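Me: Please take a close look at one part of this structure, the pairing of its strands, and follow it from strand to strand. A connected account of what the strands carry and what packs against them would be most useful.

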Amino acid sequence: MTDTVRYGTDLHILVVGGGIAGLTCAGLLEQRGFSPDVVEKTDSYGGLGYALGLWPAGSNILKGLGTYEAFASHADPMNTYTLLSDSGNELHSYDLRPLADEYGEAQLIWRPRLINVLRETVSDETIRMGTTVTDLHQHDDVVDVSFSDGTEDTYDVVVGADGIHSAVREMVFGEISLNYAGMTSWAFWVDEAMVERGVVKEHWGDGRFAGLYPTDDGLACFLAVTAPEGTPDPLDERKARIQKSFEGMGEFIPEVLDELETKDAEDIWHDDFYDLRMDEWTNSRVVLIGDAGHAPLPTAGVGASLAMEDAAVLTDELARTDSTRLDQALDHYVARRRKRVDEVQEKSRRLGTFALFDHSLLTAVRDQVVKFYSQERMENYFRDFLSSEI
Ligand SMILES: Cc1cc2nc3c(=O)[nH]c(=O)nc-3n(C[C@H](O)[C@H](O)[C@H](O)COP(=O)(O)OP(=O)(O)OC[C@H]3O[C@@H](n4cnc5c(N)ncnc54)[C@H](O)[C@@H]3O)c2cc1C
């Protein structure tokens, strides 16, 4: 690269990770006339996934990207949110439509579908699949990057959008510990007839959690239980482990466990729950977005929206700077995102602990709290998140 000042669309930008944050960022950059490079570790998209709830803060970004209709054609609105106890008693049912009327719908989509929708916003020559970064070296306001395919290049900015186990984060910020939330989880499809479209049902049990999420692709079931960190989940024991963990739970669980018997263990998605908080998201010309910098707990249902918001704010800042003032642009990005992200993460931790109390006395108290937690309080809980500026 030459030493001359580069403005706007001439900035040379690398996005590492073609997931929700990375594709949104690359799509928005291309829309503004930039020509970013994207590297994505996996050879191809697809495979196992889980259902995501996307709030308007995330889905509105798709409106500007010109891809909202494609998203909406695969997404299902969440109209009702019903909470059940461990034994299956209904604790409360909330109507989500008043919030939707005010701010726009919260919608459920199968994650691989959202990836497909976002992928369409990025041109083929922009993204290199099956490729990652092997080395990063910052000097004189640029970043020299080596890639796993043997190539090298120099960039004005490197965006780490490579998820909770980010390699960019480790290379630039050193090892930052993830926080194990004490839970492990599984996801798989179940018979759509179990709930009506638009109705989300969750069991908040005693050290266990189960949810049904209707999407256009089918009814997704998500299960989580408390477990010591590092508990193995071998394929040949997976189904038996789930059966044992959810024994005796009420309402839809017996039917879910019957269905589980018909599945191949390979078709059941599994992961342990971690979240990540860190003080810095930028280091000179490297910036982290999405889960790479701040992964909330999956139970909060906000990580994808936050990741897309990050991408929108970052591209906005990159569109009004030049190669000599990038530090300021990245500082502005952090300033605009920090408070909102910290608040959401704080709430997500409290909610995660509350939903998965592992003590029968606490669970009984929690059930009473939920019973008396009114529709108005639920709306107020979400109102801050929905109304604040991103
Ligand atoms: C079970 C579950 C349920 C969830 N439910 C919700 C929900 O309802 N609502 C919600 O908003 N959020 C939810 N989340 C969280 C949400 O999925 C994440 O917050 C979101 O995916 C973060 O997006 P991201 O782009 O930062 O990371 P990711 O989506 O993880 O994308 C990272 C990408 O980087 C790639 N990559 C990784 N390492 C490298 C590397 N070294 N080089 C190149 N590429 C790399 C990965 O292959 C991937 O494509 C859930 C998460 C889980 C696990």
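Reply: Val15 has Val38 as its bridge partner in strand 2. Strands here are DSSP runs of E with at least two residues, helices are runs of H or I with at least four, and both are numbered from the N terminus. The model is a predicted one, in which local features require a pLDDT of at least 70 and side-chain atom pairs a pLDDT of 80 or more, while totals for chains, interfaces and linings use all residues. Residues are numbered from 1 along each chain as its sequence is written, and side-chain values use heavy atoms, with hydrogens and water left out.

The pair just named belongs to strand 1 (residues 13-16) and strand 2, which are parallel and share three bridges; pairing requires that DSSP find at least two bridges between two strands. Along strand 2 (residues 37-40), Asp37 and Val39 face one way, Val38 and Glu40 face the other, and all are buried. Buried denotes a relative accessible area under 20%, exposed over 50% and partly exposed in between, with a 1.4 Å probe and protein chains only.

An open sheet of mixed pairing is built from seven strands in the order 6-5-14-15-16-13-17. Strand 6 (90-95) and strand 17 (269-275) are its edges, each pairing on one side only. With direction ignored, neighbouring strands of the sheet are turned by 20° against each other on average.

Within this sheet, strand 15 repays close attention. Eight of the eight residues of strand 15 are buried, so it is mostly covered. Its side chains alternate: Arg208, Ala210, Leu212 and Pro214 point one way, whereas Phe209, Gly211, Tyr213 and Thr215 point the other way, and all are buried.

On one flank, strand 15 is antiparallel to strand 14, with four bridges between them. Glu202 finds its bridge partner in strand 15 at Gly211. The hairpin of strand 14 and strand 15 has three residues between the strands, and there Gly207 adopts a positive phi near 70°. Strand 15 also pairs with strand 16, again in the antiparallel sense, over eight bridges. Gly211 is placed opposite Phe222 in strand 16. Two residues separate strand 15 and strand 16 in the hairpin that they form.

The pairing continues from strand 16 (residues 218-226) to strand 13 (residues 179-190), an antiparallel partner joined to it by eight bridges. One of these strand 16 positions is Val225, the bridge partner of Thr184. Helix 8 (residues 253-260) packs on the sheet, touching strand 13, strand 14 (199-204), strand 15 (208-215) and strand 16, and its direction makes about 75° with that of strand 13. Contact means heavy atoms within 4.5 Å; axes are lines fitted to C-alpha atoms, for helices over the stretch in contact, and angles between N-to-C directions run from 0 to 180 degrees.

At the edge of the sheet, strand 17 includes Asp275. Asp275 has a relative accessible area of 1% and is therefore buried. Leaving aside residues up to four places away in sequence, Asp275 touches Ile164, Leu178, Asn179, Ala295, Pro296, Leu297 and Arg349.
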